[in-house]
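Here are a few exercises to work through with the model open beside you. Try each task yourself, then check the steps underneath.

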Amino acid sequence: MRKIQYYKSMGCLKKKIFILFFSIAAFAFADENTIELSLEDAVKSALKNNVSVKQSEISLDAKKRESDYSWNSISPSISGTGRYSKNIPSSSSDDKASLSAGISLSATLSPSVYTSAKNAELSYSQQQLSYQNDLRSVELDVRKNYYSLLYKIEEISLKEKSLETSKNQYESNLAKYKRGTLSRLDVLSAQVSYQNDQLELKSLNAEMENSIASFKRLVGLPQETKLSLSGSFENILNLKNISIEGMELNSFSVESLQKQIDSAKNSLLASRFTAYGPSLSASYSYNYSSIDGGSNWDDNGTLSLQASIPLDGFLPWSNSSLNVQSKKDSVKSLELELEDAKVSLEVNISTLMNKINQCLENISLRKNSIELAQTTYEMTLESYSHGTKDLLSLQTASDNLLSAKVNLISEAYNLICAVLDLENAAGIPFGTLEN
């Protein structure tokens, strides 16, 4: 009997050891899949793994390849020929096979060679600017989404505290009701408040899961990866003043229009070359042939040079002349757009600065509101405990305190989004104004 008990105890011990080992392994595996992600780490991951960034890199490489080989229009055209012929059946014994081989080279030189190469260079430059803008757009999205997640985390944390408070209040009221010192109506009201907080917390958690999934896709992380964000709103809440005075502005819209103007001017030059520019062409062919089956060979070469000057451009009603005028109009139109873009940039920066200053003032007021709401809640709770305040007053004070805390975090989120938009509009490196 003792042996049987011993074996049973050993079996239980092995089972416990197995469960403990499995739990430790599962915990270790979970830790391996959990990543503590800072804001800068999230940006680096997105710039490396984001799909749109990779697509932009492909486009940039293609434009660079076109720019590197834009001179290929002056590369000579080379062709080789070979010919063999013989009458079958032969009409006589003197009927010989005919053999020939030849090579020819031709090249054309025109002013459009320059504008074609220049256009490829400008196109590559525009793609470089577009690539940098794509990187900034992705970084802007990452930073805004990161702070959005931090805001949701704070909101969930505050709601959890509110839920704990409403739970304690419900349990306290239930105990008082059982002792006969509180009405059933107060118990039911506390229970409804407690259940509403539970539902709101579940809804916030569901939104958080969806936001995290989208964020993982944005930064290029596997969906099964568990994230832990290491940031906070502490630095944002302590900001006192924001200014871009003395900083060099690099607006994408302004730079893009400037490059479009350069491209339009090059296109105008190309149309002028087409209308007025001369072109030169040269060709050389060499032929080696025999008409007696290869016994005797003849060779000869031919060199040809040609120059042409178009005259249509001198006729004001010709398509060439009208095309030149159309290109001039395009340049003027883009120059007007550039001036408007500069004015629009000034207005946009001024608007964002006003929004930032308003957020800074609001944050100061929100902090005072939290202090007042906290004091009001504590006083109401004390009065409720002594029976001089009803449950509705206590719930209202609790809701006001939670709302004040959520509003402060919301204002901090609005501030950082406005700062990021200002940095993006002015072409300032992200994070400059936060520091």
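**Exercise 1: two packed helices**

The axes of H4 and helix H7 (residues 252-276) come within 10 Å of each other and cross at roughly 170°. Axes here are lines fitted to C-alpha atoms, for helices over the stretch in contact, with angles from 0 to 180 degrees between N-to-C directions. Before going on: this is a predicted model, where local features need pLDDT of at least 70, side-chain atom pairs count only at pLDDT 80 or more, and totals for chains, interfaces and linings use all residues. Residues are numbered from 1 along each chain as its sequence is written, and side-chain values use heavy atoms, leaving out hydrogens and water.

Task: work out how H4 is oriented relative to H7.

Solution:
- Step 1. Take the angle of roughly 170°. Angles over 145 degrees count as roughly antiparallel, so H4 is roughly antiparallel to H7.
- Step 2. Add the hand: the crossing of H4 and H7 is left-handed.
- Step 3. Look at who meets whom, with contact meaning heavy atoms within 4.5 Å. The H4 side includes Leu122 and Leu129, and the H7 side includes Leu269 and Phe273.

**Exercise 2: the length of H5**

Task: check whether the span of helix H5 (residues 184-219) agrees or disagrees with what its 36 residues should give.

Solution:
- Step 1. The expected span is 1.5 Å times one less than the number of residues, and for H5 that comes to 52 Å.
- Step 2. The end C-alpha atoms of H5 are 52 Å apart, so the two agree.
- Step 3. Now look just past the end: Gly220 takes a positive phi of about 80°.

**Exercise 3: buried or exposed?**

Task: decide how Ser123 and Leu415 should be classed.

Solution:
- Step 1. Get the cut-offs straight: buried means under 20% relative accessible area, exposed over 50%, and partly exposed in between (1.4 Å probe, protein chains only).
- Step 2. Ser123, in helix H4, has 17% relative accessibility, so Ser123 counts as buried. Its side chain makes a polar contact with the side chain of Lys63 (3.1 Å).
- Step 3. Leu415 sits in helix H9 and, at 0%, counts as buried too.
- Step 4. Check the neighbours: Leu415 touches Ile236, Leu239, Ile356, Cys359, Leu360 and Ile363, not counting residues up to four places away in sequence. Leu415 and Ile356 are 59 residues apart in sequence, yet 5.9 Å apart in space, C-alpha to C-alpha.
- Step 5. Zoom out: buried residues make up 32% of the 435 residues in the protein.

Definitions and conventions:
Helices (H or I, at least four residues) and strands (E, at least two) are DSSP runs, numbered from the N terminus. A polar contact is a pair of N or O atoms within 3.5 Å; within protein, one must be able to donate a hydrogen and the other to accept it, and residues adjacent in sequence count only if both atoms are side-chain atoms. Angles under 35 degrees count as roughly parallel, over 145 as roughly antiparallel, 65 to 115 as roughly perpendicular and the rest as oblique. A crossing is left-handed if the near helix is turned anticlockwise from the far one by less than a right angle, and right-handed if clockwise.
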